[in-house]
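Thanks for coming. Please have the sequence and the structure open while I talk.

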Amino acid sequence: MRSRTLRELFTRDTKRATRFKLDANDLYLDYSKNHVNSTTRKLLVQLARQAKVPAAINAMFAGEPINKTEGRSVLHVALRAKISDTVALDTPGVPEVWDVLTRMEAFVDAVHSGKIKGSTGKKLTDIVNIGIGGSDLGPVMASRALKPYWQDGLRFHSVSNIDGTQLADLVKELQAETTLFVVCSKTFTTQETMTNARAARQWLVQQLDEVAVQYHFVAASTNHAAMDEFGIRSDFRFGFWDWVGGRYSLWSAVGLSLALVVGMDVFKRLLSGGRRMDLHFRQAPLEENMPVLLALLGIWYNNFFGAESQAILPYDNRLERFPAYLQQL
């Protein structure tokens with residue numbers, strides 16, 4: 001295969017464009033422009049079977065601790081599943097997923113209706129996500145991709161750089177009375193996130209007063225003692241679990257800032273889209289499985305061609321942050 005050009009592969013197989021493509025859940029994957037033929041694909045799928053990929057897929061959806069480094073389950077798929085999908089229902093925390101979503105929906109609707117408002121009675125219009133890594137890259141990527149769905153009068157912002165100039169520049173655009181900060185840190189101790197959260201808190205108190213903190217800060221975290229100390233009220237807290245990796249946390253309460261801007265109906269549609277691909281990944285045979293085939297192509301190029309880089313080139317400008325999001329995966 002090393003010596004064969006793509007031109008040669010297409011010349012030899014006039015139906016190559018249809019033989020090397022997949023359709024799943026409104027997604028179309030054309031992998032005909034890769035240096036593979038039918039034999040390559042067969043051998044790569046055989047490699048996946050030898051590596052017991054089907055068993056690993058089942059183990060993930062069953063909640064087994066496939067994260068060997070930390071001894072944890074990897075269950076971001078549970079965040080977008082339906083109860084009827086029976087994704088690791090016996091794993092602690094999984095049955096709580098739908099309760100958190102219900103609370104998120106009530107919160108988002110209350111902000112939009114004005115039932116939840118700022119300390120001076122003004123409507124909250126500027127949503128500022130404070131996070132780092134996946135807790136920043138996920139909401140930022142999705143908010144830009146879904147900008148046509150932003151609710152009228154709402155704006156999304158993010159702060160992730162520990163360099164204080166990012167926040168300093170941002171607050172020049174904000175009115176404290178109409179700003180809601182969403183702090184995303186499972187432990188509520190992440191250095192970059194908490195440095196920015198404390199700086200945002202100081203700015204808010206200077207602009208308004210200490211009481212305003214409980215009206216203008218919400219958190220995705222599980223450290224209640226730390227949130228008590230910070231001043232975040234109990235009904236403005238949304239938890240998630242240790243089986244949610246930071247890089248996949250967009251689908252959890254970390255997605256609250258996104259939900260606030262696009263609305264809970266759109267956020268649910270995002271979850272539904274992820275669920276459809278999860279079902280495809282879980283049920284499709286290996287040779288027709290989009291994620292598996294893409295992974296096998298990565299192994300093919302890395303192990304057999306010595307390729308060390310992969311280019312991600314979004315043609316839609318709204319996906320401009322998609323490569324940065326993928327980098328951290």
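The sheet in this predicted model is an open one of five strands, paired in parallel, in the order S4-S3-S5-S6-S7. S4 and S7 are its edge strands, S7 being residues 237-238, and each of the two pairs on one side only. As a reminder, strands of a sheet pair through backbone hydrogen bonds, either parallel or antiparallel.

Take the edge at S7. Strand S6, residues 217-220, pairs with S7 in the parallel sense over two bridges. If you want to find a bridge on the screen, look at Ala220, whose partner in S7 is Phe238.

Two helices on this sheet concern us. H6 packs on the sheet and touches S3, S4 and S5, and its direction makes about 155 degrees with that of S4. H8 also packs on the sheet, touching S3, S4, S5 and S6, with its direction at about 160 degrees to that of S5.

Now H6 by itself. It covers residues 134-145, twelve in number, and reaches 16 Å from its first C-alpha to its last, close to the 16 Å expected at 1.5 Å a residue. How many of the twelve residues of H6 are buried? Ten are, so the helix is largely enclosed by the rest of the structure. The buried residues form a run through the helix: Gly134, Ser135, Asp136, Leu137, Gly138, Pro139, Val140, Met141, Ala142 and Ser143. What do the buried residues of H6 pack against? On the strand side there are S3 (126-130), S4 (155-159) and S5 (179-184). The helices are H11 (256-262) and H14 (322-327).

While we are at S5, look at the loop between S5 and helix H8, residues 191-207, where Phe188 is found. Phe188 has a phi near 60 degrees, a positive value in a residue other than glycine. Is Phe188 buried or exposed? Its relative accessibility is 5%, so Phe188 counts as buried.

There is another residue of this kind to set beside Phe188. Lys52, in the loop between helix H3 (38-50) and H4, has a positive phi of about 60 degrees and is not a glycine. Lys52 has a relative accessible area of 58%, so it is exposed. The cut-off for exposed is over 50%.

Next is helix H12. H12 has 20 residues, which should span 28 Å at 1.5 Å a residue, and its end C-alpha atoms are 28 Å apart, so the two agree. Its buried residues include Met264, Val266, Phe267 and Leu271, and further along Met277, Asp278, His280 and Phe281. What covers the buried residues of H12? The cover includes strands S1 (21-24) and S2 (27-30), together with H4 and helices H5 (97-113), H11 and H13 (290-304).

I will go through two of those helices, starting with H4. The axes of H4, residues 53-62, and H12, residues 264-283, come within 9 Å and cross at roughly 135 degrees. That angle makes H4 oblique to H12. On the H4 side the contact has Ile57, Met60 and Phe61, which meet Asp278, Phe281 and Arg282 in H12. By type, the residues of this contact are four nonpolar, no polar and two charged.

The other is H5. The axes of H5 and H12 come within 10 Å and cross at roughly 150 degrees. H5 and H12 are therefore roughly antiparallel to each other. From H5 the contact takes Leu101, Met104, Glu105 and Val108, and from H12 it takes Met264, Phe267, Lys268 and Leu271. These residues divide into six nonpolar, no polar and two charged.

One more residue in helix H12 is Arg275. Its relative accessibility is 17%, so Arg275 counts as buried, the cut-off being under 20%. Which residues is Arg275 in contact with, leaving aside its neighbours within four places in sequence? They are Arg80, Ala81, Lys82 and Asp85.

Last, the two strands that help cover H12. S1 and S2 pair in the antiparallel sense over four bridges. One pair to look for is Asp23 with its bridge partner in S2, Tyr28. The two strands form a hairpin with two residues between them, and in the turn Asn25 has a positive phi of about 55 degrees.

That is the end of my part.

How values were computed. Residues are numbered from 1 along each chain as its sequence is written. This is a predicted model: local features need pLDDT of at least 70, side-chain atom pairs count only at pLDDT 80 or more; totals for chains, interfaces and linings use all residues. Side-chain values use heavy atoms; hydrogens and water are left out. The expected span of a helix is 1.5 Å times one less than its number of residues. Buried means under 20% relative accessible area, exposed over 50%, partly exposed in between (1.4 Å probe, protein chains only). Contact means heavy atoms within 4.5 Å. Axes are lines fitted to C-alpha atoms, for helices over the stretch in contact, and angles run from 0 to 180 degrees between N-to-C directions. Angles under 35 degrees count as roughly parallel, over 145 as roughly antiparallel, 65 to 115 as roughly perpendicular and the rest as oblique. Ala, Val, Leu, Ile, Met, Phe, Trp, Tyr, Cys and Pro count as nonpolar, Asp, Glu, Lys and Arg as charged, and the others, Gly among them, as polar. Two strands pair if DSSP finds at least two bridges between them.
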